[in-house]
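Got your viewer open and a selection tool ready? Follow along, one pick at a time.

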Amino acid sequence: MSDDRRDWWRHAVIYQVYIRSFADADGDGLGDIAGLRSKLDHLVSLGVDAIWINPWYPSPFADAGYDVSDYRAIEPRFGTLEAATELIAAAHDRGVRVLLDIVPNHTSDQHVWFQQALAAGPGSPERERYVFRDGLGPNGDERPNDWQSAFHGPAWTRVVEADGTPGQWYLHLFAPEQPDLNWHHPDVHADFLETLRFWFDRGVDGFRIDVAHSLVKEEGLPDIAARSWATLPFRLQSIPGVHQTDHPHWDRDEVHEIYREWRRVADAYDPPRIFVAEAWVPDPSRIARYLRADELHTAFNFDFLRCPWSADQLRTVIDDTLIEHRAVGAPATWVLSNHDVARHVSRLARSQEGVRGHHLRDLAADADLSLGLRRARAAALLMFALPGSCYVYQGEEFGLPEVEDLPDEALQDPTWERSGHTDRGRDGCRVPIPWSDSPPTFGFGPDHGNAPWLPQPAWFGEFAASGQEGVASSMLELYRAGLAMRRAEPALGDGEMAWSPSMPDGAFAFTREPGFACLVNVSASPVPVPDGWELLLASGPLTDGTVPADTTAWFRR
Ligand code: GLC
């Protein structure tokens, strides 16, 4: 067996397909499997190694498909199981691997198990698969504890029992339509193993694991306010080591046993299947624990995604990442955007002073999109040159910015309603992407079909794929050139790097063997190219032997 058959994930470039916004073949306004299939050649010409498809299972879409009602079937609006199986084969024929998204923390409230739990009543075995509790207080009308939902408001909802009386409460760390499973229950373990095998048997190469750090809850479900760190300001709570080991529902040590079980299933396949964890754990040493040899393969590097455009901070994140990953023998990953965060062109278009988040509400209001694009080009070449694997979120190869002015009535993210219309949520990065410059759908769907599920702004055509094909200065051609070179260059992908000494403030450079160097200029002044370095590729034109501000360049040395 060749190494690449087993080890492809150590250096892969993985493209995230947010399926309902990728390409709509049947004209219902929602992307679908046939649309994805029709664009496989785009992905091949882009030069990616794999795709990760966001949940495509039957779902009432209370949270965009992360409320799954059947893990071993396909949402009818996306297609059929047959179409899914053919898509996997068609991707494989083109040398593109396929990862799916598995959602183990919660199901949809329409899942048969939850419906059975509601019908069966308090104390029944059916309720044991979820986290049902009696309420506190004489009438049971107080919530069982003080936990909050990630989408605002309490993490508990009270049910009405079959006889019409107010009943027990159930836990949902996300929306009320997403009841949390009880991972202390053997049925839950067995059912997810069956789901893994179901898709592995159909050729799927691996899974992205949704909120991988939340599955296990502390016995007794203690209040968070009782924890010593709970009175600290929120920012201090996320300092490495402060609260990570004793949070009652995030990143508990017991969660690792689940992934050891999953790894044994994945390793029984030839070639072995792989996992990537979505775990928002603000401490690289805690992330590394998920990547021990008998657990998961990789994890998203959200510290890199959240890092401001600052040379010092980027260097620190890169160092911390590599040190912690090396300790467990896992490759690092790098990511700039996904379906949960504001698109990075728009984040980088703002002042980077005091940046502390990935939502635009955390950043300055003033945006300079041409600066954002320039930095995004530089960030892409930095990411492609770092050791390990990387993720590209659909549309970033077109330089798409966030859609910041979606009309209120169009918003669909549950956070909008649950926050009492104070948090606009994540829809701005989920708008169906533009393939051509012609309205009404900019090539997302057929001309006479339904309008896309989120409205596209009039300016979307400026970022369309069609206008960038063959245009050397375009974002699309930069991505293609960068990924082609990354593939051809033996120094790139998995491996080591070394910092180059004596770079001016605000710039940094690193070398990789054999004979490769990457220089990133985050400062406002041009940086001279070191002697003997010959240009391979740059995110913007070099001037008089210097790398200008907000530019990354690759060299042969
Ligand atoms: C993950 C997903 C996000 C979803 C949440 C709940 O963070 O990426 O989109 O809302 O989990 O499943």
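Start by selecting E534, which stands opposite R556 in β18. Now widen the selection to β18 (residues 551-556) and its partner β16: four bridges join the two, and they run antiparallel. Strands here are DSSP runs of E with at least two residues, helices are runs of H or I with at least four, and both are numbered from the N terminus. Two strands count as paired if DSSP finds at least two bridges between them.

A word on what you are looking at: this is a predicted model, where local features need pLDDT of at least 70 and side-chain atom pairs count only at pLDDT 80 or more, while totals for chains, interfaces and linings use all residues. Residues are numbered from 1 along each chain as its sequence is written, and side-chain values use heavy atoms, with hydrogens and water left out.

Next, show the whole sheet. It is open, with five strands in the order β12-β13-β14-β18-β16 and antiparallel pairing. Colour β12 (498-499) and β16 (534-538): these are the edges, and each has a single partner strand, so one side of each has no neighbour in the sheet.

Now add helix α11 (residues 311-328), which packs on this sheet and touches β12 and β13 (507-512); contact means heavy atoms within 4.5 Å. The direction of α11 makes about 30 degrees with that of β13. Then pick helix α15 (residues 475-488), lying across β16 and β18 and running at about 130 degrees to β16. For these angles, axes are lines fitted to C-alpha atoms, for helices over the stretch in contact, and the angles run from 0 to 180 degrees between N-to-C directions.

Over to the other sheet. How many strands does the open sheet with parallel pairing have? Eight, in the order β9-β8-β7-β3-β2-β1-β11-β10. Its edges are β9 (298-299) and β10 (333-335), each with a single partner strand, so one side of each is left free of a neighbour in the sheet. Zoom in on β10 and β11 (residues 389-393), which run parallel and are joined by three bridges. Here V335 stands opposite Y391 in β11.

Last stop: the ligand. Select the 14 residues around it, with a heavy atom within 4 Å; the closest are D63, R208, D210, E278 and D340. This shell divides into four nonpolar, three polar and seven charged residues, with Asp, Glu, Lys and Arg counted as charged, Ala, Val, Leu, Ile, Met, Phe, Trp, Tyr, Cys and Pro as nonpolar, and the others, Gly among them, as polar. Finally, click D340: a polar side-chain atom lies 2.4 Å from an oxygen atom of the ligand.

Conventions:
A polar contact is a pair of N or O atoms within 3.5 Å; within protein, one must be able to donate a hydrogen and the other to accept it, and residues adjacent in sequence count only if both atoms are side-chain atoms.
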